[in-house]
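Reader: I'm in my first year and still learning to read these pictures. Please pick one part of this structure and walk me through it slowly, with the people it touches, so to speak.

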Amino acid sequence: MLFMVHMQLDMPADMPAEQANEIKAREKAYSQQLQREGKWPHIWRIAGESANYSVFDVADNDELHALLSGLPLFPYLKIKVTALARHPVAI
């Protein structure tokens, strides 16, 4: 199943830079592993924002929830999920 996911990052302004950098490093490693596995085939940054649009290719809602909640930045993300279906005019 394909899902479009919008993620908006909102880390606490008073978080120590060292802690924020450590979380972001773990996030990068985790997200790149999901990309290598084909679970996260697309990610686009939104220019001028600390946000992205991504496409996930997973078995079901439960797998998507597990992957998203496993993100090290999950506690600081506002997430909106949209299920996708193939358009009838797509080639």
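Author: Let's start with the whole chain: of the contacts (heavy atoms within 4.5 Å) between residues at least 6 apart in sequence, 68% join residues at least 24 apart. Keep in mind that this is a predicted model, where local features need pLDDT of at least 70 and side-chain atom pairs need 80 or more, while totals for chains, interfaces and linings take in all residues. Numbering runs from 1 along each chain as its sequence is written, and side-chain values use heavy atoms, with hydrogens and water left out.

The chain has two helices and four strands, in the order β-α-β-β-α-β as you read along the sequence. These are DSSP runs numbered from the N terminus: H or I over at least four residues for helices, E over at least two for strands. The C-alpha atoms fill a box of roughly 50 × 25 × 20 Å along the principal axes. Of the 91 residues, 32% are buried, meaning under 20% relative accessible area; exposed is over 50%, partly exposed in between (1.4 Å probe, protein chains only).

The part I'd pick is strand S1, which spans residues 2–9. Let's look at its role in the core, then at Met4.

What does S1 give to the largest nonpolar core? S1 gives the most, with four residues. That core has 19 residues, and a core here is a set of buried Ala, Val, Leu, Ile, Met, Phe, Trp, Tyr and Cys joined through side-chain atoms within 4.5 Å. Helix H1 (17–36) and helix H2 (61–69) also supply at least two residues each, as S1 does. The residues with the most contacts inside the core are Met7, Met11 and Phe56.

Phe56 makes a nice landmark, so click on it. Setting aside residues up to four places away in sequence, Phe56 touches Met1, Leu2, Phe3, Val5 and Met7 at the start of the chain. Farther along, its partners include Lys39, Trp40 and Pro41, and then Leu64 and Leu68.

Now for Met4, which sits in S1 too. Buried or exposed, or something in between? Met4 is partly exposed, because its relative accessible area is 30%. Outside its neighbours within four places in sequence, Met4 is in contact with Tyr53 and Ser54, and also with Lys80, Val81, Thr82 and Leu84. For a sense of distance, try Pro88: the C-alpha atoms of Met4 and Pro88 are separated by 18 Å, with their places 84 residues apart along the chain.

Leu84 is worth a click as well, since this is where S1 meets strand S4 (residues 77–84), the home of Leu84. Like its partner, Leu84 counts as partly exposed, because its relative accessibility is 37%. Which residues does Leu84 touch, again skipping those up to four places away in sequence? Leu2, Phe3 and Met4. Compare that with Asn52: it is 32 residues away from Leu84 in sequence, and their C-alpha atoms are 17 Å apart.

So follow S1 with your eye: the strand feeds the core with four residues, while its Met4 stays partly exposed and touches Leu84.
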